[in-house]
Amino acid sequence: MKKYFDILELNESATIEAVERAYRELSNSWRPENYQNLPRYRRKAETKLKEINEAYEQLKSYLATRPQP
């Protein structure tokens, strides 16, 4: 799980709201459409966006089942 928190630039005590906010911010900044004229950066953005999406899905399901204090 730590890897997913690192991808979204959060600490492990983050709430579901913080995960959603970080996901929105990062996915907007790494959109491949932002790099249409730069093919190398576009490929990097596509890879990064896939990582962000995977981290978001994993953390969302993890936090939904994690007991709340």
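Of the 69 residues in this protein, 26% come out as buried. The model is a predicted one, and what it shows is a helical affair: three helices and zero strands, giving a plain α-α-α pattern when read along the sequence. The C-alpha trace stretches over about 50 × 15 × 15 Å along its principal axes.

On the outside, the accessible surface adds up to about 5100 Å², with carbon and sulfur atoms taking 48% of that. As for charge, there are 13 positive and 11 negative side chains. The centres of these two sets sit 5 Å apart.

Helix H3 is worth a closer look. It covers residues 39-65, which makes 27 residues. From its first C-alpha to its last, H3 reaches 40 Å, close to the 39 Å expected at 1.5 Å a residue. Several H3 side chains feature in the buried set: Ala45, Leu49, Ile52, Ala55, Tyr56, Leu59 and Leu63 are buried. And what do the buried residues of H3 pack against? Their partners are two other helices, H1 (2-7) and H2 (16-29).

Contacts across the sequence round off the picture. Taking the contacts in the protein with a separation of 6 or more, 48% are accounted for by residues 24 or more positions apart.

Technical notes:
Residues are numbered from 1 along each chain as its sequence is written. This is a predicted model: local features need pLDDT of at least 70, side-chain atom pairs count only at pLDDT 80 or more; totals for chains, interfaces and linings use all residues. Side-chain values use heavy atoms; hydrogens and water are left out. Helices (H or I, at least four residues) and strands (E, at least two) are DSSP runs, numbered from the N terminus. Buried means under 20% relative accessible area, exposed over 50%, partly exposed in between (1.4 Å probe, protein chains only). Contact means heavy atoms within 4.5 Å. Accessible areas come from the Shrake-Rupley method with a 1.4 Å probe; for residues, only the protein chains shown count as cover. Lys and Arg count as positive and Asp and Glu as negative; His and the chain ends are not counted. The place of a charge is taken as NZ of Lys, CZ of Arg, CG of Asp or CD of Glu. The expected span of a helix is 1.5 Å times one less than its number of residues.
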